[in-house]
Amino acid sequence: MPPSRFRPCIDLHDGVVKQIVGGTLSDSSPSALKTNFVAAESPAQFADLYRMQDLRGGHVIKLGPGNDEAARAALSAWPGALQIGGGISAENAKEWLDAGAEKIIVTSYLFPSGKFSLERLKTLSQTVGKEKLVVDISCRKRENGWIVAMNKWQTLTDMEVTKETLDMLSEFCSEFLIHAADVEGLCQGIDEELVQFLGDNVNIPTTYAGGAKSITDLDLVERLSGGRVDLTYGSSLDIFGGTQVKFADLVERSKAGPGPVQPE
């Protein structure tokens, strides 16, 4: 079984690195925003921290406008090693690759008016190449499964997260990124059912984000997914003001491999 890896992140809001409770980011109700952490360090400093530990494949996410300069600074700090998402389209994708992104991450562009467009996916895949494209299928839990959410997780689309959906999308991209929007930023545990579902059904590299609260969650994700899903930590991490997980311990765990099996 391959090991699940720790994938770092840089979430940008108003040009600053922040950790936000996923379900509270809203264009229509900005006062509803709940922020767990606002960094004093620059985006480039976080990128440099990841570079020093050789933590490749992390994602830089622009949460709304006013983040382009900060994103470019982060990408410039470690060219060719970080992925970029937020407002990506066929029109600007190459621009972000030229700015130093390893890959581009896309969600909302694929869902005009909330409806999936295979034509847009094909166009973007052809524009940058399948190997440079990550599809973000961040989702919200519903009674019978999960629905892909777009527009900073505010809008539900017409796409369910199913094996058929994953198989279809993987024909045109090289990775998936999945934020479990309902548990994002809460530090109350991962969506184990979703992680296991992904492990059973993905056939390309996949990163899950949402709810990680302990270093042993990396072992849990590895066990549930058979090592086919990587894990991002956010608000629980000490570099983001958290108290539950130390960045240094996570780096050591990632380099050393899985620890002992934890009791149920």
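**Overall fold and a three-stranded sheet**

For a chain of 264 residues, a compact globule would be expected to have a radius of gyration near 18 Å, and the chain comes in at 17 Å, so the two agree. The model is a predicted one. Along its principal axes, the C-alpha trace stretches over about 45 × 40 × 35 Å. Eight helices and 13 strands turn up along the chain.

What about the inside and the outside? Of the 264 residues, 56% count as buried, meaning that they have under 20% relative accessible area. The accessible surface adds up to about 11,400 Å², and carbon and sulfur atoms hold 48% of that. As for who touches whom, take the contacts in the chain with a separation of 6 or more: 65% of them link residues 24 or more positions apart.

Zooming in, one piece of the chain is an open sheet of three strands, laid out in the order β8-β9-β10 and paired in the antiparallel way. At the edges sit β8 (139-142) and β10 (155-160), each of which has pairing on one side only. Going from one strand to the next, the twist averages 40°.

In general, the strands of a sheet pair through backbone hydrogen bonds, in either a parallel or an antiparallel fashion. Here, β8 and β9 (residues 145-150) take the antiparallel option, with four bridges between them. Which residue of β9 does Lys141 stand opposite? That would be Trp146.

Terms used: Residues numbered from 1 in each chain as written. Predicted model: local features only at pLDDT ≥ 70, side-chain atom pairs only at ≥ 80, totals over all residues. Heavy atoms only, no water. Pairing = 2+ DSSP bridges. Helix = DSSP H or I, 4+ residues; strand = E, 2+ residues; numbered from the N terminus. Axes fitted to C-alpha atoms, helices over the stretch in contact; angles between N-to-C directions. Rg over C-alpha atoms; globule rule 2.2 N^0.38 Å. Buried < 20%, exposed > 50% of the residue type's maximum accessible area, 1.4 Å probe, protein only. Contact = heavy atoms within 4.5 Å. Areas by Shrake-Rupley, 256 points an atom, 1.4 Å probe, with all protein chains shown as cover.
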